[in-house]
Amino acid sequence: MTTTLDRTANRALTPGLPARLSLTPKTTLAGRLDGAWWPRSRDLAAELPPLADALEGRWGRITRVLVNPGHWPVVPHKVAVTGHVLHVGWFTEQDPDKIILLSYTTGRCDLLVIPPETEPASAARLMTAAAVPGSVLTAGSLMSGMSGEAATGRRMGEARSSEDAWENDGGSAPAPQPHPAADPVVGARMIPLPGHTGR
């Protein structure tokens with residue numbers, strides 16, 4: 001048995017949610033990014049209309065979009081948005097974590113694309129970081145930082161779990177080490193300061 005899904009009918013029946021977007025404030029400082037976008041899915045045909053609508057007030061009518069196809073399973077050539085058609089192109093050389101939107105009136109808008117499955121707290125940090133005026137951080141470097149943050153969090157959690165297991169199994173934590181100020185030294189040869197008696 002074969003099942004066919006009509007995704008266009010589904011989109012027409014469900015009201016569109018507003019785009020989750022964070023833009024840099026208007027300033028003379030030019031940065032690498034103009035903000036961040038956190039789509040709800042990897043369906044460009046569903047996600048681009050609310051994004052174009054949200055940007056129209058500030059950037060004018062968005063007419064073209066450029067993406068890296070690595071994060072988008074389907075890249076449609078055209079997407080219907082309010083009052084016009086958006087032309088979509090893709091380049092494998094483009095940063096996969098960035099979307100470029102072009103407008104006839106304002107020019108170019110580069111946004112960090114936060115993966116839909118990102119935890120809300122991490123997404124909020126990324127949206128804030130991408131909207132800093134004059135920032136030299138690229139989309140790729142921001143996403144690398146998030147990956148590093150997640151890995152550090154996992155390592156810290158694993159270390160805590162190991163320590164808890166050790167303590168619960170009858171082990172003990174290592175004896176506390178004296179504070180460095182308790183045994184002051186000078187230079188690399190560990191010479192005691194005058195007047196310090198040692199142990």
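Let's start with histidine 84, whose side chain reaches the backbone oxygen of isoleucine 62 at 2.7 Å. A second backbone oxygen, that of threonine 82, lies 3.2 Å from a polar atom of the histidine 84 side chain. For a polar contact, we want a pair of N or O atoms within 3.5 Å; within protein, one must be able to donate a hydrogen and the other to accept it, and residues adjacent in sequence count only if both atoms are side-chain atoms.

Please keep in mind that this is a predicted model: local features need pLDDT of at least 70, side-chain atom pairs count only at pLDDT 80 or more, and totals for chains, interfaces and linings use all residues. Residues are numbered from 1 along each chain as its sequence is written, and side-chain values use heavy atoms, leaving out hydrogens and water.

Is histidine 84 buried or exposed? Its relative accessibility is 14%, so it counts as buried (under 20% relative accessible area, with exposed over 50% and partly exposed in between, using a 1.4 Å probe and protein chains only).

Now, the aromatic rings. Rings of Phe, Tyr and Trp (its six-membered ring) pair if their centres lie within 6.5 Å; planes under 30 degrees apart count as stacked, over 60 as edge-to-face and the rest as tilted. How many aromatic pairs does this rule give? The count is one. The ring centres of tryptophan 37 and tryptophan 72 are 6.0 Å apart and their planes are at 20 degrees, so this pair is stacked. Both tryptophan 37 and tryptophan 72 are buried, too.
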